Protein chains: 2
Amino acid sequence: MTERVDKFAARRAELAAATLRTLAELGYARTSLREIAQNSEFSHGVLHYYFRDKVDLITHCVREYKAICVTRYDQVVATATTPAQLQEGFLDKLAQTLVEEPQMHRLWYDLRNQSMFEETFRADVAAIDASLERMVWRVVTRFAELVGTTPLVTPSVMYALFDGLFQQALVRQLAGEAGAAADLRAAVTAVVAQVVPLDREPALR
Amino acid sequence: MTERVDKFAARRAELAAATLRTLAELGYARTSLREIAQNSEFSHGVLHYYFRDKVDLITHCVREYKAICVTRYDQVVATATTPAQLQEGFLDKLAQTLVEEPQMHRLWYDLRNQSMFEETFRADVAAIDASLERMVWRVVTRFAELVGTTPLVTPSVMYALFDGLFQQALVRQLAGEAGAAADLRAAVTAVVAQVVPLDREPALR
DNA sequence: AGAAACTCTTGACAGTCGTCAAGACACCTA
DNA sequence: TAGGTGTCTTGACGACTGTCAAGAGTTTCT
């Protein structure tokens with residue numbers, strides 16, 4: 001009984017993985033169910049056995065995608081004992097995922113964009129956005145704690161700043177610009193220097 | 001002769017406007033030539049009389065869209081004589097366009113996202129991005145000039161920060177959140193306060 | 001071993017897509 | 001008035017889409 005459920009869930013996950021690969025490669029606009037099936041080892045009909053329809057399939061993938069992203073920097077936060085360690089570890093991870101998984105990131109921005117047109121995805125996208133914001137905030141507050149200060153902007157502003165920088169770097173990376181990752185590191189460093197003060201005075205102006 | 005050319009160009013512009021309306025409403029993924037034609041006063045066949053194919057049509061629209069955006073804050077920059085005037089004028093325009101034209105803005109982000117998947121749009125999108133960056137930089141440097149300081153970040157970082165904030169506000173605005181525009185004003189104000197110092201010391205740390 | 005339940009393939013359906021050719025219509029010129 | 005040019009509509013084409021029903025194949029249970 002439970003093994004049946006497990007196998008069912010495993011197949012769903014397998015098909016979801018194929019869907020994510022296809023979406024990352026082609027983008028939302030040009031991803032079809034037959035294309036997804038060709039990226040798996042099954043035929044196109046099986047997708048309607050494991051998922052109600054296309055929206056159900058993609059929604060499930062988006063939810064699964066969330067789990068991958070959100071814990072990316074947790075280990076860095078947990079192990080760093082100095083500001084420099086945390087900053088370097090964070091920048092390393094950031095540059096690494098930019099270079100190694102740009103397809104997954106452009107997929108995320110593609111889906112977030114779709115949520116501006118389609119009500120369907122809005123709730124899931126908003127939930128992921130919120131958890132990404134919390135992730136960024138964990139990093140920044142831990143950094144400020146190690147420095148002995150507090151951030152000068154709110155969590156949502158902090159997230160928007162990082163997101164803007166990362167998105168710009170992503171566009172450049174996918175356009176083939178060699179310096180994209182290095183520029184991202186420099187940009188994040190510069191912004192953090194302005195927004196998380198190094199000295200102990202909390203600078204209320 | 002020239003009137004023929006003018007009429008031809010006028011029709012192209014008319015169809016391009018219908019295309020932009022359709023794209024802003026439906027997004028790139030769900031915009032078809034027949035839908036565009038229904039948003040104009042012509043039939044679907046005429047689009048291939050004035051444009052080579054769909055890519056040619058959309059590329060032309062993207063280029064035309066550029067002209068609308070880039071001059072948005074020029075008058076504010078030209079007329080403001082105090083930092084407060086410039087800041088208020090800029091924030092007003094920013095909040096106004098967020099509330100009044102959110103469809104056009106989500107279209108821009110949609111097209112920029114497509115450029116991460118389709119080589120075709122990449123050059124045009126990059127050109128628009130660069131001119132938007134210059135626009136932001138004109139505003140910021142003029143502001144710094146009026147204050148008597150210089151910005152602490154590069155033009156591309158500055159643009160990425162504003163873009164991140166605006167995009168976040170846009171998602172919220174389109175989700176129906178009432179405070180999106182007000183939050184954007186506050187966020188931009190807070191970031192500018194950190195990145196363009198009010199005092200005369202250029203804060204090289 | 002036979003029956004039942006689960007899994008997957010195949011093929012078709014109604015619809016939409018971009019594209020284009022054929023022709024109708026309007027307008028200007030000789 | 002006849003012919004030519006520019007403009008626009010209509011209808012069709014092949015290809016592609018999401019969806020689903022019919023059935024074959026496989027596994028599990030009694």
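How do the residues of the surface near DNA strand D divide into nonpolar, polar and charged? In this predicted model, that surface has 6 nonpolar, 7 polar and 8 charged residues. In total, 21 residues surround DNA strand D. The closest are Arg34(A), Lys54(A), Arg11(B), Ser43(B) and Tyr50(B). On the side of the DNA, sugar or phosphate supplies 63% of the strand D atoms within 4 Å of the protein, and bases supply the rest.

Individual contacts involve both phosphate and base atoms of DNA strand D. In chain A, a side-chain N or O atom of Lys54(A) is 2.7 Å from a phosphate oxygen of the strand. Leu33(A) uses its backbone instead: one of its backbone N or O atoms lies 2.9 Å from a phosphate oxygen. In chain B, a polar side-chain atom of His44(B) lies 2.9 Å from a base oxygen. Three elements each give two or more residues to the surface near DNA strand D: α2 (33-38) of chain A, and α1 (2-26) and α3 (47-50) of chain B. The most comes from α1(B), with 3 residues.

Helix packing was examined within chain A. The axes of helix α4 (residues 54-70) and helix α7 (residues 102-117) of chain A come within 12 Å and cross at roughly 125°. The two helices, α4(A) and α7(A), are therefore oblique. The crossing of α4(A) past α7(A) is left-handed. From α4(A), Ile58(A), Val62(A) and Tyr65(A) take part in the contact. They meet Met104(A), His105(A), Trp108(A) and Leu111(A) of α7(A). The residues of this contact comprise 6 nonpolar, 1 polar and no charged.

Definitions and conventions: Residues are numbered from 1 along each chain as its sequence is written. Chains are lettered from A and ligands numbered from 1 in the order in which they are written. This is a predicted model: local features need pLDDT of at least 70, side-chain atom pairs count only at pLDDT 80 or more; totals for chains, interfaces and linings use all residues. Side-chain values use heavy atoms; hydrogens and water are left out. A residue is near a molecule or strand if one of its heavy atoms lies within 4 Å of it. A polar contact is a pair of N or O atoms within 3.5 Å; within protein, one must be able to donate a hydrogen and the other to accept it, and residues adjacent in sequence count only if both atoms are side-chain atoms. Helices (H or I, at least four residues) and strands (E, at least two) are DSSP runs, numbered from the N terminus. Ala, Val, Leu, Ile, Met, Phe, Trp, Tyr, Cys and Pro count as nonpolar, Asp, Glu, Lys and Arg as charged, and the others, Gly among them, as polar. Axes are lines fitted to C-alpha atoms, for helices over the stretch in contact, and angles run from 0 to 180 degrees between N-to-C directions. Angles under 35 degrees count as roughly parallel, over 145 as roughly antiparallel, 65 to 115 as roughly perpendicular and the rest as oblique. A crossing is left-handed if the near helix is turned anticlockwise from the far one by less than a right angle, and right-handed if clockwise. Contact means heavy atoms within 4.5 Å.
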